[in-house]
Amino acid sequence: MSTRYSGGVITKTPVVPAGPFENGTAPGIWTLDQQLQAQKAGIWPTAGLQPDYIEDVFSTYLYAGNRPTGQSIPNGIDLAGKGGLVWLKARNAASYHQLSDSASGVSNGLYSNRTDAQFSYPSGITSFNSSGFTLGSDTNGTINETGNNYVSWTFREQPKFFDVVTYTGTGANRTISHNLGSVPGMMIIKRTDTTGAWQCYHRSLANTQYMVLNTTAAVATGATRWNSTTPTDTVFSLGTDTTVNASAGTYVAYLFAHDAGGFGLTGTDNVISCGTFTTDVSANATVTLGYEPQFVIFKRTDSATNGDWVMFDNMRGMPATGSGSTAARLKSNTADVENPNTGDIKITSTGFVVSFVASATFIYIAIRRGPMKVPTDATKVFIPVSTASASNPLTVTTGFPVDLSISRAYSGSANNNALDRLRGSSTASSVYSVTNTTAAQVTTSSFGIGLDNNTEIIDNGFNAGASNSKIYWNFRRAPGFFDEVCYTGTGANTTQAHNLAAVPQLMIVKGRSGATAWQVYSSALANTEYLVLNTTAAKATGATRWNSTTPTSSVFSIGAATEVNTSAATYVAYLFSTVAGVSKVGSYTGNGTTQTIDCGFGAGGVRFVLIKRTDATGDWYVYDTARGMTVLTDPYLLLNSTAAEVATLGSVTTVSTGFALNSTILAAINVNAGTYIFLAIA
């Protein structure tokens, strides 16, 4: 039982000491949204627990320059109320990295690749806002130049994640207080009143050692940087070196936490890690974080050779393992343009794999992929878009970063093509699989669909250019709703980690490196049964698909079947589950006439439905509101076929709470006593 106050919901246990309930700041108070999130995860709020999520404190946001107009960057990070750091870099032009932080003042900047003193730039970043920051006219053309593409990394101040500290040097050994709330895993310090190299402390090095952010230099020893003292959760120590503590010198310090917990509904999830790895004689290393990263920076420590500070993120491109993957590399110590490289880094569901230089030692910072919140609004994680535009390139507005887009032309015969961020997709080249064939994945060479955008996808000749009608079903990965895993087969019974944060109810698996049929798991079937997406076949029995094991909220099991687990072959898996008011993975039995399937969505009904008969042959029917689901004759498409949409035999409509079936128009989707599975999205 809970008691409601004007500001939130608290547990039945009284808050001690009593707090200001009226403004929602007392320990133990939860907003209604937080309570619903906790209930979804099976956790009841406890006193003092205030959930934090990585999407609230970190963002990679891409933008195109528009000098001299200026523009707002709405990345959803509260910099006005919380403070933090914005790091900017041109991607397609040789340009300095520019850093601005709330403690130094938004109009002041630093270059990570140079030793220059802090400079004033009033036309650069003009304000830190409650949901991002604003760029000005950019008179120097460094961070908002028309024709240039940029990346922004925003770090919000938050205990157990990131802190900004400014101080004035004394020239004597001392300590500086901080608010990181944990022992720093890495510190980056820059003198601001005059020139000086960027000094870096990392937990993987001795407290007598340091590195320099603006050079390729190997680790160096100098006891006067950190006074041979390891930082604590309240202070860090400085020696007498002028790069960190000259008398009357001014400085800024950026502090990064390491595996400090503090995030998620339980308050125990890690979102940032500062560690080390050593490559083997084949130049490879596997790093296990316990989560999938969205941002990684690493630096060689034992030599200046290949010693750049290389930076990657999943918005510009940081794909998973397998052929066709290229990661977009920037370097914090140079002004170089972005350079796509095959093999530098490949992310996994639990960390990343590096292929860089043999038998070398590195340090790194890694940040967890978001979002961590269970979605409550289906429009933030899925949108169907239909267009007949002949534009090339074609801009498709989504409103969120897309992780999977299944697209096709539908006015005539065409393939159903699945492209995703994890395998790599840009306007220049995309990796995709075709749902109606067994073919191995294909890598385009001169066109594709760009998923490297915050609120759009850009079709550069993949479906665009012709005046035919096109549909794009766009999905975002989010806890409980949808996740994707890329993995390499072992040939033996095994499990694969995932980040759905719920038990998968529908899994679709496809071999990437070889020609294999699409395998489908459904919670409505036995864990010894499966369906095939590219055929009309009824359910079949085969214990080697899922190893006769039901998936859990952290792993799914695979047997030794060629279609899911050939040794050294690569695969992609799409995982779906039910989120109240957002998605419904379910089943029904046909009645041969009409019936309504209640998905619990409320008055809005569904915007997307996928239906497959399981007890007998039947197509994989797809309906969506972008092409029409309001009258019974609105059309359907088939994921297992290239056939054009059927405009007169739709038979599925969106209704309050779910969708309606009418077998008098299309008997196949509601045969009396027939069994069906479905995926519906509000």
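**Buried charges, cores and a pocket in a predicted model**

Arg421 is buried, with a relative accessible area of 10%; buried here means under 20% relative accessible area, exposed over 50% and partly exposed in between, for a 1.4 Å probe and protein chains only. The model is a predicted one, in which local features need pLDDT of at least 70 and side-chain atom pairs count only at pLDDT 80 or more, while totals for chains, interfaces and linings use all residues. Residues are numbered from 1 along each chain as its sequence is written, and side-chain values use heavy atoms, with hydrogens and water left out.

Arg421 meets Asp403 in a salt bridge (3.3 Å, N to O), the term covering a side-chain nitrogen of Lys or Arg within 4 Å of a carboxyl oxygen of Asp or Glu. Asp403 also counts as buried, at 11% relative accessibility. Arg421 sits in the loop between strands E32 (417-420) and E33 (431-434), and Asp403 in the loop between strands E30 (394-397) and E31 (404-409), so the pair ties together parts 18 residues apart in sequence. Strands (E, at least two residues) and helices (H or I, at least four) are DSSP runs, numbered from the N terminus.

The count of salt bridges comes to 25. In one of them, Glu338 pairs with Arg91, the closest N and O atoms being 2.8 Å apart; these partners are 247 residues apart and link distant parts of the chain. Glu338 is buried at 17%, as is Arg91 at 12%. Arg316 and Asp313 form another salt bridge (2.6 Å, N to O), with Arg316 buried at 7% and Asp313 at 0%.

Turning to the nonpolar interior, the largest nonpolar core has 80 residues, and those with the most contacts inside it include Phe298, Trp473 and Phe659. Such a core is a set of buried Ala, Val, Leu, Ile, Met, Phe, Trp, Tyr and Cys residues joined through side-chain atoms within 4.5 Å. Strand E53 (residues 675-681) gives the most to this core, with six residues. Apart from it lies another core, of 58 residues, among them Phe58 and Met315.

An open sheet of six strands follows the order E12-E19-E14-E15-E16-E17, with antiparallel pairing; two strands pair if DSSP finds at least two bridges between them. Strands E12 (162-168) and E17 (220-221) stand at the edges, each with a single partner strand, so one side of each is left without a neighbour in the sheet. Four bridges join E14 (residues 186-191) to E15 (residues 199-202), and Met187 stands opposite Tyr201 in E15.
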